[in-house]
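Student: Hey, got a minute to go through a model with me? I'll drop it in here.

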Amino acid sequence: MNRCIPYPKCSLPTTLANSLFRFTGQALLSWLLFSGLAYHHPCHAWGFFAHKHINRLAVFTLPPEMIGFYKHYIIYLAENAINPDARRYAVKDEAPRHFLDADVYDQIYGKGRAVYELPRYWKDAVEVFTEDTLMAYGIVPWHIERMKYRLINAFEAGDTKAILRISADLGHYIADANVPLHTTENYNGQLSGQIGIHGFWESRLPELFFEGYDFFVGKATYLKNTQLAAWDAVILAHTALDSVLSFEKTLTTRFDESRKFTYEERNKITIRTYSRPFSEAYHQMLGGQVERRLRASIKMVGDFWYTCWVEAGKPDLNKLLDKEYDEQKDQELQEEKEQWKNQEIQTRPHEIALATDPHHPNPAPYLPKSNRNCCQYNPLPNYYKKFISTAKNER
Ligand SMILES: [Zn+2]
């Protein structure tokens, strides 16, 4: 089997139009159906709520030499845990850093095999698939490794601002890599008639059941190979995917529409969301899965921060506390945050997260304009799927 098919960069193989249509038809139909009619809600990986808690709790895994510094900036680390999501529609190339559509590559490696067989290192992956293709299907495990080197550099330079900023960002990407729905092209159940499951699993469930979770994850440990650790997270997340989707399907047969969903008011807007009884039943069926992925995220964030610090020669972080960093006085960061509000980059419709109502006449008023109907106007997902399909046909 030729696994080293170079993917065309920017040309469309017209001869495959028919087979491509078959391949993309289901997804396209689903997107078109929901993009114009659905009640969209911009939800984020793990939800803002969970991301903040993951970074915050990771601080407590650190050794005495580190914990003073990280605790001092714990509010910064929690609040800025969501920056990568905040900028994903404003910064080019940001979006793919949050996911890996592993199952797209299953067409080449065999069902369920891609997470184990995709090239572990970025250079090798680019050689096999080209950067364009990798960017189209997500790069989270490779990006985590890139961020590791940045954090080591920041420690070596004794640059407080960079240490904080990169630590917060790295925590975000690590947490994303641990989410099952971040490892599939069916990231919001849009290919299986389960639209809304993304936000259900990673926002609604943690928000409802967080209080009951045990977050004692132990002390951060040194990682001999961070790149493989990132892949381990993706593998575990992907292994959990089948339950995430199939359990929701099973339960849906036991709950009629009026019991499955409810209406709640948030920020003075009434939204349709999964009912408490349905959420409880699903959460119980998952048997602690959300808690396990959250715990794994927290431990892994601590492990990475600690490993970077060790790799940088264990610099004395207490010295850095002398020159205190004040986020509010960081003009550059504040200006950047302002710019992130101009969300003009179209990416895959990753954020259609809450339960959708195909009969709802209006899209959510607080969804940035550029993201409304993003599925309909964004040609990228289908465009790139064609390349994968081509590779499969030429094998
Ligand atoms: Zn994210």
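Student: Let's start with Phe247: buried or exposed?
Tutor: Phe247 counts as partly exposed because it has 18 C-beta neighbours inside 10 Å. The cut-offs: 20 or more other C-beta atoms within 10 Å means buried, 12 or fewer means exposed, and in between is partly exposed, with C-beta atoms placed from the backbone. Keep in mind that this is a predicted model, where local features need pLDDT of at least 70, side-chain atom pairs count only at pLDDT 80 or more, and totals for chains, interfaces and linings use all residues. Numbering runs from 1 along each chain as its sequence is written.

Student: Which element holds Phe247?
Tutor: Helix H13. Helices (H or I, at least four residues) and strands (E, at least two) are DSSP runs here, numbered from the N terminus.

Student: And what does Phe247 touch?
Tutor: Leaving out residues up to four places away in sequence, Phe247 touches Tyr282, Met285 and Leu286. A contact means that the C-beta atoms, placed from the backbone, lie within 7 Å. Phe247 and Met285 are 38 residues apart along the chain, and their C-alpha atoms are separated by 7.0 Å.

Student: Tyr282 rings a bell. Which residues of H15 are buried?
Tutor: In H15, residues 276-285, the buried ones are Phe278, Ser279, Tyr282 and His283. They sit on the same side of the helix, because they cover an arc of only 130° around the axis. That arc is taken over the directions from the helix axis to the C-beta atoms.

Student: Why would that spacing line up?
Tutor: An α-helix has 3.6 residues a turn, so residues three or four places apart point the same way.

Student: What's on the face turned away, and what does the buried side pack against?
Tutor: The face turned away carries the exposed residues Arg276, Pro277 and Gln284. The buried residues of H15 pack against helices H12, H13, H14 and H16, plus strand S2. Just after H15, Gly287 takes a positive phi of about 55°.

Student: Any positive phi in residues other than glycine?

Tutor: Thr130 has one near 75°, in the loop between helix H8 and helix H9. Asp93 is also not a glycine and has a positive phi of about 70°; its place is the loop between helix H5 and helix H6. Asp93 counts as exposed, with 12 C-beta neighbours inside 10 Å.

Student: Switching topic: how do H10 and H13 pack?
Tutor: Their axes are 9 Å apart, at an angle of about 145°. Axes are lines fitted to C-alpha atoms, for helices over the stretch in contact, and angles run from 0 to 180 degrees between N-to-C directions. On the H10 side the contact includes Ile144 and Lys148, and on the H13 side Trp231 and Val234 are among the residues.

Student: And the core, which residues have the most contacts inside it?
Tutor: The largest nonpolar core has 80 residues, and those with the most contacts inside it are Ile54, Ile174, Ala177, Val234, Val301 and Trp305. Its largest share, 11 residues, comes from H16. Such a core is a set of buried Ala, Val, Leu, Ile, Met, Phe, Trp, Tyr and Cys residues joined through C-beta atoms within 7 Å.

Student: Zooming out, how many helices and strands?
Tutor: The protein chain has 20 helices and two strands. Buried residues make up 45% of its 395 residues.

Technical notes
Two residues are in contact if their C-beta atoms, placed from the backbone, lie within 7 Å.
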